[in-house]
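I opened this entry to look up how the sheet is put together and how the two chains meet. Notes follow in the order in which I checked things.

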Number of protein chains: 2
Amino acid sequence: MNLILLFQEDFISETRVRLQGRRLKHVLEVHRAVVGDELGVGMVNGLMGTGTVSCLDRSALEMDVRLERKPPVPLPVTLMLALPRPKVFRRVLRAATVMGVKRIFLVNAFRVEKSYWQSPFLEPDAIRQQLVLGLEQARDTVLPEVLLRPLFKPFVEDELPGLIAGTIALVAHPAAGDPAPRDVNSRVTLAVGPEGGFIPYELEALSAAGFKPVSFGERILNVETAVPALLSRLW
Amino acid sequence: MNLILLFQEDFISETRVRLQGRRLKHVLEVHRAVVGDELGVGMVNGLMGTGTVSCLDRSALEMDVRLERKPPVPLPVTLMLALPRPKVFRRVLRAATVMGVKRIFLVNAFRVEKSYWQSPFLEPDAIRQQLVLGLEQARDTVLPEVLLRPLFKPFVEDELPGLIAGTIALVAHPAAGDPAPRDVNSRVTLAVGPEGGFIPYELEALSAAGFKPVSFGERILNVETAVPALLSRLW
């Protein structure tokens with residue numbers, strides 16, 4: 001937790017917050033803070049700054065906060081991920097948040113197992129938990145938007161053309177002839193398939209929508225590795 | 001499993017392998033192969049090619065293999081990782097293998113909990129298992145070398161200077177002023193600290209040994225994300 005993310009309901013006065021639960025535990029056990037210490041804080045979807053510990057015991061942490069710095073600039077990317085299996089999904093969501101992605105579409109694909117769509121990890125609160133962990137790690141405040149699209153065809157045909165307008169649209173595909181570009185100076189829409197990849201029909205639909213298949217060299221990366229590796233190369 | 005990694009003991013004749021256990025299960029349940037199918041195979045630390053399924057039932061898979069292609073070129077990097085907590089360690093090891101790293105030093109640091117060094121995941125067989133999974137994912141055959149260095153000071157003072165000779169030595173450090181370089185045309189030694197980072201003494205020792213601190217923008221990446229993100233940017 002490199003930043004303690006604050007929410008409206010944490011404020012007990014205009015500049016003082018009172019925290020319990022997970023964040024209190026972390027400050028006690030990991031930061032091992034004492035009264036007077038300054039901790040990095042940030043208001044969700046708002047400014048970052050410092051919190052000065054004013055009271056701290058096993059029951060609560062109170063801090064006086066000053067919020068004065070803007071959060072880091074978002075990555076200019078929309079990530080379109082074939083829904084990974086639930087455990088991987090949570091880690092990829094966190095990794096994408098850590099990297100600075102602010103819009104993530106989770107889409108269906110032929111090789112996405114139907115059961116994945118029933119996972120409790122897809123509940124809004126479970127998703128939000130991973131996003132918060134990612135922001136706390138990265139030192140950022142802006143919650144990504146996560147959108148579920150359990151039907152591939154209508155999403156690709158009806159919604160995607162509008163989404164990719166004005167962006168470079170890339171689909172990660174190990175068999176592609178062209179390598180993923182570097183240092184693009186543009187907004188990007190990046191599609192990453194399921195384990196085993198998109199099937200030919202899906203790749204054709206994405207190509208028809210304007211996506212260019214790109215590879216990451218000879219190696220086939222798993223989704224968890226591909227997301228940070230590709231994003232890092234693009235900017 | 002994008003490649004079935006083969007070992008000397010799998011061969012029942014010069015060109016025929018017989019597999020049971022995990023690989024058999026995967027071929028039955030994921031590849032759903034039948035006799036006559038061709039599967040991607042590779043000899044550990046050797047060539048890659050195809051295996052033609054000659055017998056397949058619940059008890060064993062036999063394939064006739066042709067090995068004819070070189071594995072992908074290794075990344076010209078030595079990775080020096082402060083030992084992460086065991087669960088993260090396994091994933092980072094796999095990610096580094098997937099990316100093409102062939103030499104990984106696991107070193108101690110002040111913020112590495114002592115208990116991590118007792119983890120069963122550090123047993124040679126447990127490490128090897130993650131490396132094999134990484135190679136099978138990436139479609140590579142060359143096992144990385146993983147070296148444990150539970151004492152920071154003698155490693156940095158005695159061994160590191162020789163290791164980094166002729167390489168660009170970088171230490172990932174979120175507070176560094178310089179960003180991680182892109183597209184270096186050189187061998188690199190990349191040091192990645194523990195959660196919470198290297199302490200000032202460690203950073204000084206690494207600087208004295210020739211390491212340059214570099215950051216990854218304003219965000220602080222977790223180790224799992226930092227490794228693929230940094231490697232991907234370097235080449």
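Before reading the hairpin I fixed my terms: strands are DSSP runs of at least two residues, numbered from the N terminus, and two strands pair if DSSP finds at least two bridges between them. I also noted that I am working on a predicted model.

Entry 1, the hairpin. I looked up E4(A) and E5(A) and found that a hairpin joins them through 4 residues. Strand E4 covers residues 48-56 of chain A and is antiparallel to E5(A), with 8 bridges between the two. As a fixed point I took A:Met48, whose bridge partner in E5(A) is A:Arg69.

Entry 2, the other pairings. I then went to E5 (residues 61-69) of chain A and its pairing with E2(A), which is antiparallel over 4 bridges. Here A:Arg18 has A:Glu62 in E5(A) as its bridge partner. Next I turned to E1(A), which runs parallel to strand E3 (residues 38-43) of chain A, with 3 bridges joining them. One of the residue pairs I wrote down is A:Ile4 with A:Val41 of E3(A).

Entry 3, the whole sheet. In what order do the strands of chain A lie in the sheet? I read the order as E1-E3-E4-E5-E2 in an open sheet of 5 strands, with mixed pairing. Strands E1 (4-6) and E2 (16-19) of chain A are at the edges and have a single partner strand each, so one side of each lacks a neighbour in the sheet. Neighbouring strands are turned against each other by 40° on average, direction ignored.

Entry 4, the contact between chains. How many residues of chain B are in contact with chain A? I noted 24 residues of chain B, in contact with 24 residues of chain A. Helices H2 (86-99), H3 (124-138) and H6 (223-234) of chain B each supply at least two residues of the side that touches chain A. The largest share of that side comes from H6(B), with 6 residues. I sorted the residues of this side of chain B into 9 nonpolar, 7 polar and 8 charged.

Entry 5, symmetry. I superposed chain B on chain A: a rotation of 180° with 0.0 Å of shift along its axis does it, at an RMSD of 0.0 Å. The two copies are therefore related as by a two-fold rotation axis. The same surface serves both copies, as 100% of the contact residues of chain B recur in chain A.

Definitions and conventions: Residues numbered from 1 in each chain as written. Chains lettered and ligands numbered in written order. Predicted model: local features only at pLDDT ≥ 70, side-chain atom pairs only at ≥ 80, totals over all residues. Contact = placed C-beta atoms within 7 Å. Nonpolar A, V, L, I, M, F, W, Y, C, P; charged D, E, K, R; others polar. Axes fitted to C-alpha atoms, helices over the stretch in contact; angles between N-to-C directions. Least-squares fit on C-alpha atoms with pLDDT ≥ 70 in both.
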